[in-house]
Amino acid sequence: MSAVDGAAGDDAKTVLDNVRVFDGHRVGEPVTVVIDGAVIGTDPSGGQIVDAGGAVLLPGLIDAHVHLDRPEQVERLAAHGVTTALDMASWPPEQVVALRELRGTTDVRSAGLPVIGPGGVHARVLPAEAVIHGPEEAEEAVAARAASGSDYLKLVLEAPGEGGPEAVTAKAVVVAAHARRMLVVAHAASPGAYAMALDAGADIVTHIPLGAPLSGHDVGRMATQRSVAVPTLTMMEGIAAATGNDAAFAPALTSIAELRAAGVPILAGTDANATPGIPFAPEYGASLHHELELLVRAGLSTVEALNAATALPARHFGLADRGVIAPGGRADLLLVDGDPVADIAATRAIRRIWCGGVAH
């Protein structure tokens, strides 16, 4: 048993001594971090002192693209240091509420029911009430998601002519969502859908096309429109392998390098799912560590990859209480052996996890 295994219970104060903190730029010299209930505190008095032995403390990881429908999936995320999960499709609303109300484990935010077109693969796996037929239905569709408690809106786009919402409809959905101050996350797995997401003004574009890099025009538009990318490289790599076209994945890595060079924020998301009929299902939790490794392979520095799963998703999804280790913040923490700035694979060497101050 390591020294950290003696950490205190759910509501106790724990004083992590001799711990090296990743501050978003580097891993620092050993310091003391206080876990005071659900938050990071400043007063160590009365706390159980735990010698971390120079281990590295990271903010809890955030997976910016998952699909959840069962509590055990949330627990698997927590077991791998993913302390916040951004769900991109879940229904009915009662199911989303139940996942959000879980305590002492990964915190769940959700798009709820996405907005899709009448055709294409998503119309075969999502319920009929997800479908929008034209721009005249946009306001009602967005209002329904807001009323059901969606934290942001998921808009599923297909290549033109493949059954997704048409361009005018996609634009109307984005306008209606922005009028309600809702972020719009656009699914775009093909070049045509990617261009449509940018035409519509989506805030965040999830997935990255296989087979050919993004056009320089669309990379430039991502930068000038201040759009954010969640490429889900793990999912795209899995789809390429599952369809017998491994070579199609390399251009996706090129696209990430070009987005990075253009200054586009890149967030780590896996598309972890257990949806029948989907060609690949990344593992809950473990896949986010692979995603970080793929981002580094695509050209991000280890620091940039770590921020892609901590500070950046917190910032762009408006989660001001997490993503960094600072007094008053939510005590979502990941203690690892080794230095992930030197080797991103060190995020897998987990010694202890805290979700809202609850030790795992």
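**Figure 1. The cavity of this predicted model.** The structure, a predicted model, holds 1 cavity of 30 Å³ or more. The volume of this largest cavity comes to about 40 Å³. Residues from separate parts of the chain numbering line the cavity: Pro59, Gly60 and Ile62, then Thr83 and Thr84, and finally Arg322, Gly323, Val324, Arg330 and Asp332. Sorted by class, the lining of the largest cavity holds 3 nonpolar, 4 polar and 3 charged residues.

**Figure 2. The largest pocket and the residues around its centre.** Here we turn to a space that is open. The largest pocket encloses about 890 Å³. Its lining is made of 43 residues, and those closest to the centre are His122, His187, Met235, Asp271 and Ile278. Helix 3 (122–125), strand 9 and helix 8 (233–242) are the elements that each give two or more residues to this lining. Which element supplies the largest share of the lining of the largest pocket? Helix 8 does, with 4 residues. If you are thinking about the chemistry of the wall, the lining of the largest pocket counts 24 nonpolar, 14 polar and 5 charged residues.

**Figure 3. The second largest pocket.** The next pocket has a volume of about 290 Å³. Of its 18 lining residues, Leu113, Glu129, Ala141, Ala144 and Arg145 are the closest to the centre. Two or more lining residues come from each of helix 2 (93–100) and helix 4 (138–147). Helix 4 gives the most to the lining of the second largest pocket, namely 4 residues. The class count for the lining of the second largest pocket is 8 nonpolar, 5 polar and 5 charged.

**Figure 4. A parallel sheet of 4 strands.** This open sheet has the strand order 9-10-11-12, and the pairing is parallel. Strand 9 (153–156) and strand 12 (228–230) are the edge strands, each of them pairing on one side only. From one strand to the next, the twist averages 25 degrees. Strands 10 and 11 deserve a close look. Strand 10 spans residues 184–187, strand 11 spans residues 204–206, and 3 bridges pair them in the parallel sense. Where does histidine 187 find its bridge partner in strand 11? The partner is threonine 206. You have met His187 before, as one of the residues closest to the centre of the largest pocket. Strand 9, for its part, is among the elements that give two or more residues to the lining of that pocket.

**Figure 5. Helix 8 packed on helix 10.** As a reminder for this view, two packed helices are described by the angle between their axes and the distance between the axes. Helix 8 and helix 10 (residues 286–297) pack at about 90 degrees, and their axes lie 8 Å apart. That angle makes helix 8 roughly perpendicular to helix 10. On the helix 8 side, the contact is made by Leu233, Thr234 and Glu237. On the helix 10 side, Ser287, His290, Glu291, Leu294, Leu295 and Arg297 take part. The class count for this contact is even, with 3 nonpolar, 3 polar and 3 charged residues. Helix 8 also appears in Figure 2, where it gives 4 residues to the lining of the largest pocket.

**Figure 6. Antiparallel pairing of strands 1, 2 and 3.** Strand 1 (residues 13–21) and strand 2 (residues 31–36) run antiparallel and are joined by 5 bridges. One bridge pairs lysine 13 with aspartate 36 of strand 2. Strand 2 is also joined to strand 3 (residues 39–41), again antiparallel, by 3 bridges. Here valine 34 has glycine 41 of strand 3 as its bridge partner. What kind of motif do strand 2 and strand 3 form? They form a hairpin with 2 residues between the strands, and glycine 37 in the turn has a positive phi of about 65 degrees. Asparagine 18, which lies in strand 1, has a phi near 60 degrees, a positive value in a residue other than glycine.

**Figure 7. A cis peptide bond before proline 92.** Tryptophan 91 and proline 92 are joined by a cis peptide bond, with omega about -5 degrees. Proline 92 sits in the loop between strand 7 (82–87) and helix 2. Helix 2 is also one of the elements that give two or more residues to the lining of the second largest pocket.

Key:
Residues numbered from 1 in each chain as written. Predicted model: local features only at pLDDT ≥ 70, side-chain atom pairs only at ≥ 80, totals over all residues. Heavy atoms only, no water. Pairing = 2+ DSSP bridges. Axes fitted to C-alpha atoms, helices over the stretch in contact; angles between N-to-C directions. 1 Å grid on protein atoms, 1.4 Å probe; cavity = no way out; pocket = protein on both sides within 12 Å on 5 of 7 lines; lining within 4 Å. Points joined across faces, edges and corners; volume = space filled by probe spheres on them. Nonpolar A, V, L, I, M, F, W, Y, C, P; charged D, E, K, R; others polar. Parallel < 35°, antiparallel > 145°, perpendicular 65-115°, else oblique. Contact = heavy atoms within 4.5 Å.
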